[in-house]
Amino acid sequence: MKRPVARPTATDDTQSRTTRAPRAFLPDDVSIDQTSFDPPPDDGATTPAIKSMGWLGRLAWTTGTILVSLGLSLMVDRLIRDLFARYEWLGWAGVVALALFVTAVFFLILREILALRRLRVLDGLRRTAVLALANNNQHQAHQVLSRLEGIYAHRADLAAAHKSVDDHAKHLFDGSELIDLAERGLMTPLDRKARALTAASARRVALVTAVSPRALVDIAFVIYESIRLAGAIAALYGAKPGFFGFWRLTGAILAHLAVTGGLVLTDGIVEQLVGQGLAAKLSARLGEGVVNGLMTVRVGIAAIRVVRPLPFNALSQPVVRDFLPELTNLNPEKADPAG
Amino acid sequence: MAQAPTTIVDELGIALANLADAATGTFTPTLRLGVTGLSRAGKTIFITALIHNLLTGGRLPGFSPMADGRFIGAQLAEYPDATIPRFAYEQHLAALTGQTPTWPESTRRISQLRLVLKYQSANWLAGWRGPATLNLDIVDYPGEWLLDLPLLSLSFAEWSREALERANRTASSREATPFLEILASIDPQKPGTDTDAEKLAASFTRYLRQSREDNAMSTLPPGRFLLPGDLEGSPALTFAPLPPATQPVRSTSLYAMLEGRYEAYKAQVVRPFFKDHFARLDRQVVLVDTLRALNSGPAAVADLETALTAVLSCFRQGDSNSLTRLVSRRIDRILFAATKADHVHHTSHDRLEAILNRLVANASRRARFAGAETRSLALAGIRATREGSLLEAGEVLPTIVGTPMPGEVLDGTSYDGNTEIALFPGDLPEHPDSLFEDSTPVSLNFLRFVPPQKLDRNAGGDMVLPHIRFDRALDFLIGDKLA
């Protein structure tokens, strides 16, 4: 029979390890591992990086462009030579025409670049204004004010607004207040005109849709009217887009419509019902007219939001509802687009 | 146990008055604006600037009804309560805009004013009825009296304990010693006589007035001792704190006599003042003169915080809807304002606001919990200085330019009230909490300045009072009611 045995499981060396007594050190001797308790937010996680073209794509575009330009110059060169070969005076006429053409194209490109720059300036201005509002930064707000002044300096209709903004700006200390002041002073007359333009466009679209014999006609008219409206609004806020600038503007407006489409739908659900329900009950064409008019209104609102150099802060931004009386009003003389 | 500041009868009276207001206010609603602030916080200036700016359509770009062009005008009107003096707006304005501008004298009595505002509503339903009107009722009163409101929930024994505790603090030993000596020489249990009571009250009053002058202390109730008005010498104002009774109090003793007078003071002086002017407010602006307390040091700052918290806990704050408003009015918006913001450079305004936020943190938390909306601003109802910058020892100092009041002293120089100077008053601390600590001395010196000398005139020929953020204050306080 075995005897019961008990043995200690821990060996002696765990006991012999010294216990660490509490001690204090000067902070200078310590290497700090955690500098602050709130790690700064990782920008990469919140803002997606803009994907630039890879080097292959860039190479393809560059070489392609070089080839095309070479081909064009060769063609022009041969044309001029051929003209000289036929008659000398014809050759000279060709040279003069070419020189004029090149000059004209040069100035056109210059104008496009300037127009694109203006759009970018408005974009940048809005970004600065948003920052100045959020940070209540007086310096940035003054920058925005002086740049606005530059953009609208030649506008006679804003002279009085400029003066009152200048008068008040001297007495304000807060960046957000300065931006609000500029918005109230300078944007109010522009907003009013933009609204009037949008309303007038929408009314024309509604009218043409209601009387047009074919669907194709009113689709074409909606597109034509939208393009005209976007251009007019951009010019109103000081952007004056050229051809390429206009493409950029159209892209921005479409992107804006796509993003806010859902929001606009909830905002205008009643209006939708009015368009497709009530008005359609009276006449199918009339209902379509209202719907097309609302579409134009949306384009107008998107254009305002894209080109307006200040964000909507002190003033309320236009919504589809504001324009509904405009569209359903059968007597346009009494309509007041200024709202 | 803390007592409720009002009795049931008071509550009934308040509810009935609210109901009457609601009935008469169906067509012309009335907004009661409570301008609260301890003495010298700038209540009179605030009210004068408010009336003048609204009457003359002053320079208020941040006041949305005016900026949108919906504000039609304002007019002074008869106040419904015929027994209370009218706010002397014309005199105050004359003092401010006279040949040699002076600040109005400190308020010594209560006064009221009603302003009728006419505006076009932006709301299409209300706008359809044409221009709307709103009555704005404002009350001005000595700020000292505000200190009485916390007394409503204190018994004589509780108040005595607090008052004697304050008197025994080392900071106020110099002022309090004479009073404490007299107190020690009198036995509260002996039969009460008017002579003893008067002796005690007189020395207590002297102590209170001196500590306010010398130490810029704020928590010094009862307020009528500092500024008695027409109650000077009446029995209700002839009492003083006594040490707690160790044995049963006889009804003829001095203790019983003073306790009776304290209760009478509460019932007949403080409670009507509260009931008539503070129990039925819609909006409140709390003006705080932080700079004066900062000048005097940590004790004064801590004391200011205590006073503000105690006073503000008496107000009825909270969310109200149109149905409950019929019988119970609540303050649904409170603006905390650090006044005299023109005494510091605008780059320091955010620090001034931070200090203000720290001072009213308790009060503001309580108000927000009750459902009221709060905001804090550094403002100046009337701006007395301009701004400049100065290069000294390679450092750019933001300075303010103005004429110091006669008798103001800085670095041993006493000013005569005619010389304009550029002043760098010192940097406000980055962390407001350091103001409460004795260990880190803050070197600050704010001088008082005379009112602006040359005022612009607007197109209508009226004086334009320069201000700092006054329009935003106004927009927060009444802008939404004119929407």
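Start by selecting B:K340: with 30 C-beta neighbours inside 10 Å, this residue counts as buried. Here "buried" means that 20 or more other C-beta atoms lie within 10 Å of a residue's own; 12 or fewer makes it exposed, anything in between partly exposed, and the C-beta atoms are placed from the backbone.

Before you click on, a word about what you have open. This is a predicted model, where local features need pLDDT of at least 70 and side-chain atom pairs count only at pLDDT 80 or more, while totals for chains, interfaces and linings use all residues. Residues are numbered from 1 along each chain as its sequence is written, and chains are lettered from A and ligands numbered from 1 in the order in which they are written.

**Stop 1: around B:K340**

Keep B:K340 selected and look at its backbone. Its phi is near 60 degrees, a positive value in a residue other than glycine. Most residues other than glycine have a negative phi. B:K340 sits in the loop between β6 and α13 of chain B. (Helices are DSSP runs of H or I with at least four residues, strands are runs of E with at least two, and both are numbered from the N terminus.)

Now pick B:D342, in the loop between β6 (333-338) and α13 (349-359) of chain B. Is B:D342 buried or exposed? It counts as buried, because 24 C-beta neighbours fall inside 10 Å. Leaving out residues up to four places away in sequence, B:D342 touches B:A380, B:R383, B:A384, B:T385 and B:I468. (Being in contact means that two C-beta atoms, placed from the backbone, lie within 7 Å.) Add B:H467 to your selection: 125 residues separate it from B:D342 in sequence, yet C-alpha to C-alpha they are 8.3 Å apart in space.

**Stop 2: B:R469**

Go to the loop between β14 (463-464) and α15 (470-478) of chain B, where you'll find B:R469. With 24 other C-beta atoms within 10 Å, B:R469 is buried. Its contacts, setting aside neighbours within four places in sequence, are B:L377, B:A378 and B:L379. Try a distance to B:A337 as well: the two are 132 residues apart in sequence and 10 Å apart in space, C-alpha to C-alpha.

**Stop 3: B:A393**

Next up is B:A393, in the loop between β8 (386-392) and β9 (395-402) of chain B. B:A393 isn't a glycine, but it has a positive phi of about 50 degrees. It counts as exposed, because it has 5 C-beta neighbours inside 10 Å.

**Stop 4: two helices of chain B**

Select residues 298-312 of chain B to light up helix α12, which has 15 residues. From its first C-alpha to its last it reaches 21 Å, close to the 21 Å expected at 1.5 Å a residue. (The expected span is 1.5 Å times one less than the number of residues.) Buried residues in α12(B) include B:V301, B:L304 and B:L308. Among the elements covering the buried residues are β5 (283-288), α11 (290-296), α13 and α14 (361-370) of chain B.

Then jump to helix α7 of chain B, residues 173-185. Its 13 residues should span 18 Å at 1.5 Å a residue, and the end C-alpha atoms are indeed 18 Å apart. Where is the kink in α7(B) centred? Look at B:F179, where the helix has a kink of about 25 degrees. (The bend at a residue is the angle between axes fitted to the seven residues ending there and the seven starting there.) B:F179 is also one of the buried residues of α7(B), along with B:E175, B:A176 and B:L183. Their cover includes α6 (156-167) and α8 (194-215) of chain B.

**Stop 5: over to chain A**

Colour chain A by secondary structure and you get 12 helices and 0 strands. Of its 339 residues, 28% count as buried.

The unreviewed UniProt entry lists residues 59-77 and 89-110 of chain A as "transmembrane region". (Such positions are given in the numbering used here, feature names are shortened, and annotations may be inferred rather than shown by experiment.) Residues 59-77 of chain A are 100% helix, with end C-alpha atoms 27 Å apart. Residues 89-110 of chain A are 100% helix as well, with ends 32 Å apart.

**Last stop: where the chains meet**

Show both chains: 7 residues of chain A are in contact with 9 residues of chain B. On the chain A side, helix α7 (residues 175-211) gives the most, with 4 residues.
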